[in-house]
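Reader: Hi! I have a new model open and would love to talk it through with you. Could you start with a side-chain contact?

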Amino acid sequence: MMETKLERIADKSAREKKPEFTSLYHLLNEELLTQCHRELDGSKALGIDQVSKEEYGKNLKENIEDLVVRLKNKSYKPLPTLRKYIDKGNGKKRPLGLAAYEDKIVQLGLKKILEAVYEPKFRDIMYGFRPNRSCHGAIKEMCSRIVRDKINYIVDADIKGFFDHMDHGWILEFVKYYIKDPNILGLIRKYLKAGVMEEGEYKASAEGADTGKHLYAPCIGAVV
């Protein structure tokens, strides 16, 4: 089963100081991608393809089989991200990247693989972009440490526009720290270069990750 395969990857990552994974791309198969479809939230806003979870699921078996074929022969190409803006509450707006539905499926599959590799490398006190962790958990951890440890300073820092300006080359370097599979790296490169569609105009992606926070943050956090 797919969970067992991912668990074996996580176990290898936990046991070895600097593991190398050279063959992961084949895990993006019908089983995993079908599971990803089932897990996706069907109420989310639609991407540039305007395809919903319900619509994609009407011919799920055929759609997934076709997707797997395109992944295998490298003809799969992510669609540009649809860029929208939402209010931040301070008068400013935050850009939001909406991926096409099929791209969401592949991204979730890729996320599961990356998490299996990098999650065991995190320190237990890290909370950002990790499964089954939340801001509430981070606050609880902080309060606990204030009580039991000698804490003199608490620093609240944020790098302005960090994910909007990440260097593509460095993103790949972080992923390559443990993952040596050229097909996985090639797929990530496709996502980074997919571009965005904003008000009907296509814009190439020279930097940043419009839909990649959940993909690349674990790699960066674990290596750093």
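Author: Happy to! This is a predicted model, and a good place to begin is a polar contact of 3.3 Å between the side chains of His 168 and Lys 193.

Reader: Nice. Where does His 168 lie?

Author: His 168 is part of helix α7.

Reader: And is His 168 buried or exposed?

Author: His 168 has a relative accessible area of 6%, which is under 20%, so this residue counts as buried.

Reader: Let's step back a bit. How many helices and strands does the chain have?

Author: There are nine helices and four strands. Going along the sequence, their order is α-α-α-α-β-β-α-α-α-α-β-β-α.

Reader: What share of the residues counts as buried?

Author: The chain has 224 residues, and 39% of them are buried. Its accessible surface is about 13,600 Å², with 52% of that belonging to carbon and sulfur atoms.

Reader: What about contacts over a long stretch of sequence?

Author: Take the contacts in the chain with a separation of 6 or more: 71% of them are between residues 24 or more positions apart.

Reader: On to the inside, then. Which residues have the most contacts inside the largest nonpolar core?

Author: Those are Leu 24, Leu 71, Ile 105 and Leu 187, in a core of 41 residues. At least two core residues come from each of α1 (2–15), α2 (30–39), α4 (60–72), α5 (101–118), α7 and α8 (182–192). The biggest contribution is from α5, which gives 10 residues.

Reader: Which residues is Ile 105 in contact with, leaving aside its neighbours within four places in sequence?

Author: Ile 105 is in contact with Leu 33, Cys 36, His 37, Leu 40, Tyr 56, Ile 64 and Leu 67.

Reader: I'd like to look at α2 too. Which of its residues are buried?

Author: In α2, the buried ones are Leu 32, Leu 33, Thr 34, Gln 35, Cys 36 and His 37. The buried residues of this helix pack against α1, α3 (53–57), α4 and α5.

Reader: What happens at the start of α2?

Author: There, a side-chain oxygen of Asn 29 comes to within 3.2 Å of the backbone nitrogen of Glu 31.

Reader: Changing topic: which residues have a positive phi without being glycine?

Author: Gln 50 is one of them, with a phi of about 60 degrees. Glu 199 is another, with a phi of about 55 degrees.

Reader: Why would someone pick those out?

Author: Because most residues other than glycine have a negative phi.

Reader: Fair enough. Where do Gln 50 and Glu 199 lie?

Author: Gln 50 is in the loop between α2 and α3, while Glu 199 is in the loop between β3 (196–198) and β4 (201–203).

Reader: How do they score on accessibility?

Author: Gln 50 has a relative accessible area of 47% and is partly exposed. Glu 199 reaches 80%, which is over 50%, so Glu 199 counts as exposed.

Reader: Last topic, the surface. Which residues make a nonpolar patch there?

Author: Ile 139, Met 142, Ile 146, Ile 151 and Ile 154 make one of about 430 Å².

Reader: Tell me about Ile 151. Where does that residue lie?

Author: Ile 151 is in the loop between α6 (135–148) and α7 (168–176). Its relative accessible area is 39%, so Ile 151 is partly exposed.

Reader: Great, thanks for the tour!

Technical notes: Residues are numbered from 1 along each chain as its sequence is written. This is a predicted model: local features need pLDDT of at least 70, side-chain atom pairs count only at pLDDT 80 or more; totals for chains, interfaces and linings use all residues. Side-chain values use heavy atoms; hydrogens and water are left out. Patches are made of residues with over 30% relative accessible area and no salt bridge: like charges are joined within 9 Å, nonpolar side chains (Val, Leu, Ile, Met, Phe, Trp, Tyr) within 5 Å. Accessible areas come from the Shrake-Rupley method with a 1.4 Å probe; for residues, only the protein chains shown count as cover. A salt bridge is a side-chain nitrogen of Lys or Arg within 4 Å of a carboxyl oxygen of Asp or Glu. Buried means under 20% relative accessible area, exposed over 50%, partly exposed in between (1.4 Å probe, protein chains only). A nonpolar core is a set of buried Ala, Val, Leu, Ile, Met, Phe, Trp, Tyr and Cys residues joined through side-chain atoms within 4.5 Å. Contact means heavy atoms within 4.5 Å. A polar contact is a pair of N or O atoms within 3.5 Å; within protein, one must be able to donate a hydrogen and the other to accept it, and residues adjacent in sequence count only if both atoms are side-chain atoms.
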